[in-house]
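Open the model in your viewer and keep the selection panel at hand. The tour goes stop by stop.

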There are 2 protein chains.
Amino acid sequence: MAATDDRRICSIARTMEVVGEKWALLAVREVFLGNRRFDEMVRRTGAPRDTLTARLKALVDRGILEKRPYSEHPARFEYFLTPAGLDLYPVIMSLLRWGDDHLAGPDGPPLTLQHRGDHRFVPQLSCEVCGKPAHPREVRAVRH
Amino acid sequence: MAATDDRRICSIARTMEVVGEKWALLAVREVFLGNRRFDEMVRRTGAPRDTLTARLKALVDRGILEKRPYSEHPARFEYFLTPAGLDLYPVIMSLLRWGDDHLAGPDGPPLTLQHRGDHRFVPQLSCEVCGKPAHPREVRAVRH
DNA sequence: CAGGGTGAGTCCGAAATCCAGACCCACACT
DNA sequence: AGTGTGGGTCTGGATTTCGGACTCACCCTG
């Protein structure tokens, strides 16, 4: 009977509420790639203009993007990443890595990345404290 | 006029198609936390039973989870991560880190993690090639 | 000046999804 | 006999998403 709301209080769930809606992360991806304008994002992502409008607004409201005019009069805008938005980089890169590893076609990953100009960038999870790569087996959750 | 489909071919988009639907990643989170059963996942995530049924089926079809019976006759099942599923760990941890950094309440992050039993685990993005932490500024996309 | 193009949206009705909650069935426990 | 549990299915309504057409203000070209 008890209306058991054992729903986990969790940073993952909270984050998903902010960036988990359809097209939100692809809009952010475009900004990371330097595409800051509405029409360009529509073209690159394939999102309905409608939906993209709503997502961008939400991302601005949530402090992930910042909307700046680059021309008044024909009022035109560009979207920039805030510091919080920049912090989504690991999320984007982890998704990219997984897709590269598990969904790449015969001609390999569609996009190649370079790190510090001198070697291939291969995203990986590590531990900021000890600096070593991290694997699920080595991590334990501690109820607090 | 040209029906310009400049949609980017991209591992991020492809990954989102697989795990980007609502509740999919939270179901995966539960399995990482050791909760392998349907009812438990419903309770912990708050997802509609319906939707969760659909997600689990999709995740199994996509090779991210594996459904194993742990009792026949009252037919009962548990879900396990496949190797591809385990590879989602960085995605989950990156989302967690972002939530910890940007959405935590006054009493800090809801969940603490431990790495190799002897220190706090703080998820971070690094480069597998050079082993160093990676920041957006240091990475360049190369059209190929 | 007419015609076309661009950027950033808005509006529309149709289609797909998601939702809460009720229901179901097979079994175990008391 | 009655209650509980596990893993669902069903239903009907609410919410989102969709593709495409439309708008509006401006610029550029001939």
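**At the axis**

Start with B:Leu125. Of the residues of chain B, B:Leu125 comes closest to the rotation axis, with its C-alpha at 2.5 Å. Bear in mind that this is a predicted model.

Now superpose the chains. A turn of 180 degrees and a shift of 0.0 Å along the axis lay chain B on chain A, with an RMSD of 0.0 Å. That is the relation of a two-fold axis.

**The strand pair**

Select residues 123–127 in both chains. These are strand β5 of chain A and strand β5 of chain B, and they pair in the antiparallel sense over five bridges. Zoom in on A:Pro123: opposite stands B:Cys127 of β5(B).

**The interface**

Widen the selection to the contacts between the chains. Here 71 residues of chain B are in contact with 71 residues of chain A. Which helix gives the most to the side of chain B that touches chain A? Select residues 89–103 of chain B: this is helix α6, and α6 gives 15 residues. Colour that side of chain B by residue class, and it divides into 38 nonpolar, 16 polar and 17 charged residues. The copies meet through the same surface, because 100% of the interface residues of chain B are also interface residues in chain A.

**A covered helix**

Last, select residues 24–32 of chain B, helix α2. Is α2(B) mostly covered or mostly open? Mostly covered: eight of its nine residues are buried. Among them are B:Leu25, B:Leu26 and B:Val28, and also the charged B:Arg29 and B:Glu30. Step past the helix to B:Gly34, which follows α2(B) and has a positive phi, near 95 degrees.

Notes:
Residues are numbered from 1 along each chain as its sequence is written. Chains are lettered from A and ligands numbered from 1 in the order in which they are written. This is a predicted model: local features need pLDDT of at least 70, side-chain atom pairs count only at pLDDT 80 or more; totals for chains, interfaces and linings use all residues. A residue is buried if 20 or more other C-beta atoms lie within 10 Å of its own, exposed if 12 or fewer, and partly exposed in between; C-beta atoms are placed from the backbone. Helices (H or I, at least four residues) and strands (E, at least two) are DSSP runs, numbered from the N terminus. Two residues are in contact if their C-beta atoms, placed from the backbone, lie within 7 Å. Two strands pair if DSSP finds at least two bridges between them. Copies are superposed by least squares on the C-alpha atoms of residues with pLDDT of at least 70 in both.
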